[in-house]
There are 2 protein chains.
Amino acid sequence: MNYKESHTLILDNIGRFIDLTELEKQKYISLLTEIEVKKKAFLMQAGEITRYEYFITKGCLKVYTLDEEGAPHISMFAVEDYWTGDMASFMDKEPSRYFIKATEDSELLGLSRANYDLLFQEIPKFERFYRILYQRSLVSYIRRSNHGISLTAEERYIEFKKKYPKIVNRITQKDLAGYIGITPEFMSKIISKVNRM
Amino acid sequence: MNYKESHTLILDNIGRFIDLTELEKQKYISLLTEIEVKKKAFLMQAGEITRYEYFITKGCLKVYTLDEEGAPHISMFAVEDYWTGDMASFMDKEPSRYFIKATEDSELLGLSRANYDLLFQEIPKFERFYRILYQRSLVSYIRRSNHGISLTAEERYIEFKKKYPKIVNRITQKDLAGYIGITPEFMSKIISKVNRM
DNA sequence: TAAAAGTCTTAAACTAGTTCATTTTTTTTC
DNA sequence: GAAAAAAAATGAACTAGTTTAAGACTTTTA
């Protein structure tokens, strides 16, 4: 993907919530860093302090933690047009608990912490953009944290398929199990059951 | 609680993230509505369009949905110095799925949707306040939605006690079960087990 | 293109959590 | 302050999801 395409993608994403002048667009783009990650490579690992907030222009990544037994718990899959990172670590400059690993060759745009702060000084409109972006993410996480707790694994799988039909075909069953919160073995049973219905 | 005390509480809460002039403080206070809810009364019910975002100055409320079988799933307990409401319904003016019920006699300050919009026009600094508020809530919900899925009920109970030591003594075991995502019977067993340890 | 590594499937034995039913304890209400 | 209502405790039978192990299928790597 060339620069122009990835810039159009991120500016369109921002354009959903705020209007920018040509000058502001240029200024914004100048604050971004181009990043490439090959399949299976880490964008970031637990213990590091997150340097960027990421916007995905191409590919797919998984964001996950490891529990005491070393089992992975996937908190999100990020594909084109998604934002990702570890906000807690990014904001408070504390070591992250998350790993971010590419499941396909991927391309991203990164906004560093210094540039994030600068952004609000230079284009205060971005306070609004992030206010709305966070608000919307919040609505969906509140819903997920309730559903995660109250639905059965089978119901969560059916919801995931409905909500992310494009993602479901790009990830392994094992990773999906790590997201749904069950073992790969039980995931396999659920899938064959649901497909039989 | 008198007006002055509740105004100090909310202004201190806001003061954590942004600085306001005296004039701005007055302006902000003038946009708020005083609300009282008696124990067991509803602040809001599913099907209604949420009219306010609420700040609690006294008391305790539970925010919950009912599933198809009529079982309650509690998404948060809100006590003094907390913000609550249904953001999805408030923002998009769509019917809410949530009930909010007082578990103690409570007092709140409400910001209506019209005044919320006005606020950003009159004191743009509030974009920043909400950007930071939402960002912090997001961090804790992301953590909760992962933990909710990957910890056992007993671990979730121990975490809740550690994180909200003051709330745990103000709510019933039954409501806590509705938050943790288990039956009241199993909650009872966990509590007696943990206390025995 | 063969070997190695990882993913998926299946099944049996197990455990965390549910359901239903009953009794005791606490809180609410008049 | 007695009666009613709600919450909490306990136990037995059940179900959703885990664990372990082994074989089949796919993808990656040299």
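**Exercise 1. Which residue of chain B forms a salt bridge with A:Arg128, and how far apart are the closest N and O atoms?**

*Solution.* Keep in mind that this is a predicted model.

Step 1. Start from A:Arg128 and look across to chain B: the partner is B:Glu127.

Step 2. Take the closest N and O atoms of the two side chains, which are 2.6 Å apart. The cut-off is 4 Å, so the pair counts as a salt bridge.

Step 3. Put the pair in context: the interface of chain A and chain B has 4 salt bridges, along with 8 residue pairs in polar contact, both residues at pLDDT 80 or more.

**Exercise 2. Describe the interface between chain A and chain B, and find what chain A brings to it.**

*Solution.* Step 1. Begin with the residues: 34 of chain A are in contact with 34 of chain B.

Step 2. Turn to area. The two chains bury about 3,100 Å² between them, with 61% of it on carbon and sulfur atoms. On the chain A side, A:Arg131, A:Leu138 and A:Ile149 supply 21% of the area buried against chain B, more than any other three residues.

Step 3. Now list the elements of chain A that give two or more residues to this side: strand S5 (72-79) and helices H3 (87-92), H4 (113-122), H5 (125-150) and H8 (173-180). H5(A) gives the most, with 19 residues.

Step 4. Sort the side of chain A by residue class, and you should get 16 nonpolar, 9 polar and 9 charged.

**Exercise 3. At what angle do H4(B) and H5(B) pack, and which residues make the contact?**

*Solution.* Step 1. Helix H4 (residues 113-122) and helix H5 (residues 125-150) of chain B pack at about 120°, their axes 8 Å apart. The two helices are therefore oblique to each other.

Step 2. H4(B) makes the contact through B:Tyr116, B:Leu119 and B:Phe120, while H5(B) uses B:Phe126, B:Glu127, B:Tyr130 and B:Tyr134.

Step 3. By class, these residues are 6 nonpolar, no polar and 1 charged.

**Exercise 4. Which parts of chain A does the salt bridge of A:Arg170 with A:Glu80 link?**

*Solution.* Step 1. The closest N and O atoms of A:Arg170 and A:Glu80 are 3.0 Å apart.

Step 2. A:Arg170 sits in the loop between helix H7 (165-168) and H8 of chain A, and A:Glu80 in the loop between S5 and strand S6 (83-84). With their positions 90 residues apart, the pair links distant parts of the chain.

Step 3. For the whole structure, the search gives 26 salt bridges over all chains.

Definitions and conventions:
Residues are numbered from 1 along each chain as its sequence is written. Chains are lettered from A and ligands numbered from 1 in the order in which they are written. This is a predicted model: local features need pLDDT of at least 70, side-chain atom pairs count only at pLDDT 80 or more; totals for chains, interfaces and linings use all residues. Side-chain values use heavy atoms; hydrogens and water are left out. Axes are lines fitted to C-alpha atoms, for helices over the stretch in contact, and angles run from 0 to 180 degrees between N-to-C directions. Helices (H or I, at least four residues) and strands (E, at least two) are DSSP runs, numbered from the N terminus. Angles under 35 degrees count as roughly parallel, over 145 as roughly antiparallel, 65 to 115 as roughly perpendicular and the rest as oblique. Contact means heavy atoms within 4.5 Å. Ala, Val, Leu, Ile, Met, Phe, Trp, Tyr, Cys and Pro count as nonpolar, Asp, Glu, Lys and Arg as charged, and the others, Gly among them, as polar. Buried area is the accessible area (1.4 Å probe) that two parts lose on being put together, summed over both. A polar contact is a pair of N or O atoms within 3.5 Å; within protein, one must be able to donate a hydrogen and the other to accept it, and residues adjacent in sequence count only if both atoms are side-chain atoms.
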